[in-house]
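Trainee: I should like to go through the reasoning behind several terms applied to this structure. May we begin once it is displayed?

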Amino acid sequence: MKIVNISVPVVRTTIGKLPKLPGAVEVELENGAKGNVKVEWGELAKEQVSTPGEIEVTGKIISREYPDPLVEQRADPYILKHTDGYYYFTGSYPLYDRIILRRAKTISELPAAEEVVIWEKHESGIMSEHIWAPELHYINEKWYIYFAAGERDDVWAIRPYVLECGDENPLTGKWVEKGQINTNFQSFSLDATTFEHNGIRYLIWAQKVNNDTISNLYIAKMSNPWTIEGKQVLLSTPEYEWEYQGFYVNEGPAVIKRNGYIFVAYSASATDDRYAVGLLSAKENSDLLNPASWTKSKEPVFVTSEETKQYGPGHNSFTVTEDGSSDLIVYHARPYKEIVGNSLYDYNRHARVQRIFWNSDGTPYFGIPGYYFNESQVNLKIKIIVGS
C-alpha cells in the first residue's frame, strides 16, 4: 500500500492565535482508494503567528495507530463505540467457556482495560460448550449479546443465543438469557449479527442445511432483538474456489452502511491461513430480502499477507475512530502459518484494528492486514495563513 497523494487543508488564523491543526488528513493510495490517516505535526510557536503571512509546518503520518495486536488470543473480535463515550470490546475466549467484556475511552486503552466475565457456560444441556463469537449491540435502550453455543452431549449442536441487560453499564449489570433464536430449521448455526435499516431490524447468520457440510449465510427480519419473523432468505453460499478451501464456509457476517449501500463482509474457508474475507453489497433502497438485490465479490477483499506476517484474517466487525472521521475494521489473524492439530483450538488468533479506505465506486478497500506506510517516503506539510 503506497500513498500517491495527500489532501492537506490550508489552515487560517489571526495574529497571536495558535490554530488547531487537523489530526488526520485524506490520502489517496496507488489503487485510487481514499481514506483518512492520523498525523502528527511539528511544534508551532506563538511567535510564528505574531505577524501576518504564511507559515509552513511539517508533519508525519502515524502508520501504526493502534497496538498490534490489540488484544491477544481473542478471536472473532467485536468493538462497539457507544454514546456514553466508551469503546466496548468482546471476542471468543480461548477456552470457549465464557463471555467477556472490557471497555475504555479509546481503542488504544482497551488492551490494558479490566476484562469482566459477564456470563459463563452451563454445566450441562444447551449453552454448555463452544461459546463462540459474542457480539454486543445496544437496541431500544437495552444491551444484547448474540453468541453461539453447543451442548455437553453434542458439542457440535451449535445454535445462536441471545442475552439481554437493561442496566446502564453492561459490565456490572444483570444479564438475562433470552434463549435460542428461532431459525426456520434446526442445524449447525452461528455468528448471528443484527442491524437496523429504514426502521426494520434484520438478522444475518451462518447455518448449515440439516446434515449438509456447507455453511451458508441467511437474512431475515426480526420482530424483537431475539426473534426472527417471516421467511429466512439464503444470502450467500460458498461458490468460488477461495470460499471452500478446507471447508465450504460462509460465516462471520459484519454490516457497514456507507455511500448509499449496505455492505456485508463475511469470512470463508477453513480457520487457518486460507481464511479470508469476502463482500456482499446491496443498494440501500433495495429489498434486502430479495437475493437479487445483492452483489457478491468474486475475489476475496482481505487475505493473508506474507509481507506483514498476518495469516487468516477474518471474522471482522466494524467501528469508527475516536473523532468519528474514519471507519475501522476489527479482525483476527495469527502471527504464523503452520498450525499443529485443529486450527479451531490454536488460540493465537489475535484481535487487530486498522483503518478502512474507500474506492471511487463507494466500496470499502480493506487493504493488507497489518499494513503500514513508509513514513520517510511521505512528504507532509501544511500551510498556515496568518491574517490581521
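Trainee: What makes β12 and strand β13 (residues 175-180) a pair of strands?

Mentor: The model is a predicted one. In it, 5 bridges join β12 to β13, and the two run antiparallel. Pairing requires at least two bridges, so the term applies. Within β13, E177 is the residue opposite L163.

Trainee: How do you know that strand β11 (residues 142-151) also pairs with β12?

Mentor: The same test serves. Between β11 and β12 there are 8 bridges, in an antiparallel arrangement; the requirement is at least two, and therefore they pair. A149 has R159 in β12 as its bridge partner. The connection from β11 to β12 is a hairpin through 2 residues.

Trainee: Why is β12 called mostly covered?

Mentor: Strand β12 spans residues 154-165, and 9 of its 12 residues are buried. Buried means under 20% relative accessible area, so the description rests on those 9 residues.

Trainee: Which residues have the most contacts inside the largest nonpolar core?

Mentor: They are W132, I219, L288 and W294, in a core of 27 residues. Among the elements that give two or more residues to this core are β10 (126-139), β14 (189-197) and β19 (261-268). The most comes from β19, with 4 residues.

Trainee: What does W132 touch beyond four places away in sequence?

Mentor: Its contacts there are S92, Y96, F147, A148, W156, I158, F188, L190 and L344. Contact means heavy atoms within 4.5 Å, so each of these residues meets that limit with W132.

Conventions:
Residues are numbered from 1 along each chain as its sequence is written. This is a predicted model: local features need pLDDT of at least 70, side-chain atom pairs count only at pLDDT 80 or more; totals for chains, interfaces and linings use all residues. Side-chain values use heavy atoms; hydrogens and water are left out. Buried means under 20% relative accessible area, exposed over 50%, partly exposed in between (1.4 Å probe, protein chains only). A nonpolar core is a set of buried Ala, Val, Leu, Ile, Met, Phe, Trp, Tyr and Cys residues joined through side-chain atoms within 4.5 Å.
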